[in-house]
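Me: Hey, can you walk me through a protein model? I'll paste it in here and ask as I go.

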Amino acid sequence: MDGEENDGNREENLLIMERKNAWNTYNETDVEKLEKVAKGYKNFLSEAKTERECAVLAVKMAKEKGYRSLEELQREGQTLKAGDKVYAVHKKKLVILYHIGKKPLEEGMNILGAHIDSPRLDLKQNPLYEDGEMALLETHYYGGIKKYQWAAIPLALHGVVVKKDGSVIELAIGEKPGDPVLGISDLLIHLSSEQLQKKAAVVVEGENLNIIVGSRPAEDSEDDKEKKEKIRSALLKLLEENYGIEEEDFLSAELEAVPAGPARDFGLDRSMVMGYGQDDRICAFTSLLAQLEAEDPLYTSVCLLTDKEEIGSVGATGMQSRYFENSTAEVMQLMGGYSDLALRRCLQRSHMLSSDVSAAFDPNYASAFEKKNTAYLGKGMVFNKYTGSRGKSGSNDACAEYIGELRRILDDAGVCWQTAEVGKVDQGGGGTIAWIVANYGMDVIDSGVALLNMHSPWEVSSKADIYETYKGYKAFLSTDW
Ligand code: MN
Ligand code: MN
C-alpha cells in the first residue's frame, strides 16, 4: 500500500467515525426544549446536594406523576397491573421507580440506573475542636477528590442529625443568599515555598481538611472566667439554641460539607452548566425525567437511583446490596406472578443503561486523552463499552450485539451519541455499577454524560449532552427488544 492511498483511507475513516456536534442539528424549537431541560437540571442540582436530598426530590417528582409508595400498596393489600407506577425508597438514600409495562415482568425490564451520591467532605463523628482562636470541624472525605481543590472555597453544610430519641434534625446551611458559608483555609502564597515543593496529593492533606466554623468566644460570666475553649463553647451554645443539637448528637449524624451555591450557566454563550455533584446527578436527573415522561411502556420501565457508588457501591444502599432484587421481587408479588425462577428470568432478560459520567476531552490536558476514543462536550450521549483500568480490569465490557441494538435505537430516534474510553489506556480509569447488575446476566452498558472537572467542586457539562442523553433514555425506555 502506498502512502497516498493510505492517507486517503484515513481521511475517509475520520469522516465516517467523526461524531456530530449536537448543536449543529438543532432548530429553534430544539434549543427551547434543551433550555427547558437544562433549567430543570440546574434547579435539581441546586436543590439536591446530598443523596438524601436527591431521594426526597425524586420521590416528590414521582408522586406528582402518579407514582405510589410500594410499602403503602403492600400495607393496603393492593395489586399492580400494566400502567401502574410505584416507587420504593431504601433508608432514605436509594430510590427505585417502576412503571409497569404491558409485557409480563418475567420478560425483563428496561432499566436506567444512576447514582446520587457525590464526592464531598463528611464530618467526623467527634468533629468540633478549638485551635488558634478558631472553632473547626474535622472531616473525612468521601469519594475520590483532589484535596487541594477544597481549600479556600465557600462550603455549605447539609445533612441530618439524629437524636437519641429518634427525632431527626435536617440541616442545609450556606445555600440561601443570607446564610453564612464555611470553609477550609489555605496557606498564603508568601509562606508557601515549602508547601509548593510537595506533590499535589499532599499539598493539602486529608487530615488538614478542617472546616472553620467560628472565631467568636463566649461572653465571660463570673464563674467561667477560668474556662478554656470559649470559642468552642460558644459554638456549642449556638448549635443548641439554633438547631437543638448537643455535641453528643454528632455521634449519630450524617453531615456533608459541599460547595455552597447554585448551579449556573457556564460560558459566554451559556452552552454549558457549572454545578456541584454532576457526577452523577446529571444521569440521575435525565434518567428520572425520561422515566417520568414514559407513556404506556411495553416493558416495565425502571429508574434506579443508587447510593455509595463513589466508595465502591457498598453498604445497604449501594448497588451491591440486594435491595434492587428484593424490591423487584416485591413488585412481582404485587403483580401476582412471583416465583424465584420468574424473578431470575426477569433480571436476566432485562436491559440496562448503567449511567455515569465520562471524561470530556480537555484541551488543557490533552495528553491524558486518546483523541479518537474520547468523549467531547456537545457530541451527545456517551457509551463506554468498557471502563476499568490496567487491561479493562473491573469493567463490564458490554456485548457487541447489545451495542448493535443500541446503535439502531439511538439512530432511529435521532439522538446524537458518541463512544469513549476514560483517558488513555494506561492513564488510570474508574468503575461504575454496571458490573454488579451484570451479575444477573442482563445486558448492560455504561452510558452517560461527559464532564469537565469531574470530581472537582464545580463540574462542567454541556447542555446539548444533557438534552441528547435525556432523549436517548426516552428512546431506550420505549424499546421493544
Ligand atoms: Mn459516578
Ligand atoms: Mn465519580
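Me: How many salt bridges does the rule find across the interface of domain 1 and domain 2?

Reply: Four of them. Keep in mind that this is a predicted model.

Me: Ok, and which residues belong to which domain?

Reply: Domain 1 comes in two pieces, 19-118 and 276-477. Domain 2 covers 120-259. Their centres, taken over C-alpha atoms, are 34 Å apart.

Me: How many residues does each domain put into the contact?

Reply: Domain 1 gives 18 residues and domain 2 gives 17. Together they bury about 1,400 Å², with carbon and sulfur atoms giving 51% of that area.

Me: Which three residues supply most on the domain 1 side?

Reply: Lys49, His455 and Pro457. They supply 31% of the area that domain 1 buries against domain 2, more than any other three residues.

Me: New topic, the metals. What coordinates the manganese ion called ligand 1?

Reply: His115 through NE2, Asp279 through OD, and Asp356 through OD, with Asp356 listed twice. The distances run from 2.1 to 2.5 Å. Along the chain, the donors follow the spacing H-x163-D-x76-D.

Me: Where do the two aspartates sit?

Reply: Aspartate 279 is in helix H7 (residues 278-293), while aspartate 356 is in the loop between strand S14 (351-355) and strand S15 (358-359). So the pair ties together parts that are 77 residues apart in sequence.

Me: Are those two buried or exposed?

Reply: Both aspartate 279 and aspartate 356 are buried.

Me: And which protein donors does the manganese ion (ligand 2) have?

Reply: Asp279 (OD), Glu310 (OE, listed twice) and His455 (NE2), lying 2.0 to 2.5 Å from the ion. The spacing in sequence is D-x30-E-x144-H.

Me: Where are glutamate 310 and histidine 455?

Reply: Glutamate 310 is in the loop between strand S13 (300-306) and H8, and histidine 455 is in the loop between strand S19 (450-451) and strand S20 (459-462). That pair therefore ties together parts that are 145 residues apart in sequence. Glutamate 310 and histidine 455 are buried too.

Me: I saw Asp279 in both lists. How far apart are the two manganese ions?

Reply: They are 3.1 Å apart, and aspartate 279 bridges them.

Me: What's the peptide bond from aspartate 279 to aspartate 280 like, cis or trans?

Reply: That bond is cis, with omega near 10°. Aspartate 280 is in helix H7. For background, most peptide bonds are trans.

Me: Which residues have a positive phi without being glycine?

Reply: Alanine 152 is one of them, at about 55°, and arginine 270 also has a phi of about 55°. Alanine 152 is in the loop between strand S6 (134-142) and strand S7 (155-162), and arginine 270 is in the loop between strand S11 (264-266) and strand S12 (272-275).

Me: Is alanine 152 buried or exposed?

Reply: Alanine 152 counts as exposed, at 61% relative accessibility.

Me: Last one, helix H9. Which residues are buried there?

Reply: In H9 (residues 340-348), Ala342, Leu343, Cys346 and Leu347 are buried. Looking down the helix axis, the buried residues fall within an arc of 130°, so they line one face of H9.

Me: What do the buried residues of H9 pack against?

Reply: Strand S4 (109-115) and helix H8 (323-334).

Notes. Residues are numbered from 1 along each chain as its sequence is written. Chains are lettered from A and ligands numbered from 1 in the order in which they are written. This is a predicted model: local features need pLDDT of at least 70, side-chain atom pairs count only at pLDDT 80 or more; totals for chains, interfaces and linings use all residues. Side-chain values use heavy atoms; hydrogens and water are left out. Donors are N, O and S atoms within 2.8 Å of the metal (3.2 Å for Na, K and Ca); water is not among the atoms, so sites may look incomplete. Helices (H or I, at least four residues) and strands (E, at least two) are DSSP runs, numbered from the N terminus. Buried means under 20% relative accessible area, exposed over 50%, partly exposed in between (1.4 Å probe, protein chains only). The arc is that of the directions from the helix axis to the C-beta atoms. Contact means heavy atoms within 4.5 Å. Domain bounds come from an automatic or database domain assignment. Buried area is the accessible area (1.4 Å probe) that two parts lose on being put together, summed over both. A salt bridge is a side-chain nitrogen of Lys or Arg within 4 Å of a carboxyl oxygen of Asp or Glu.
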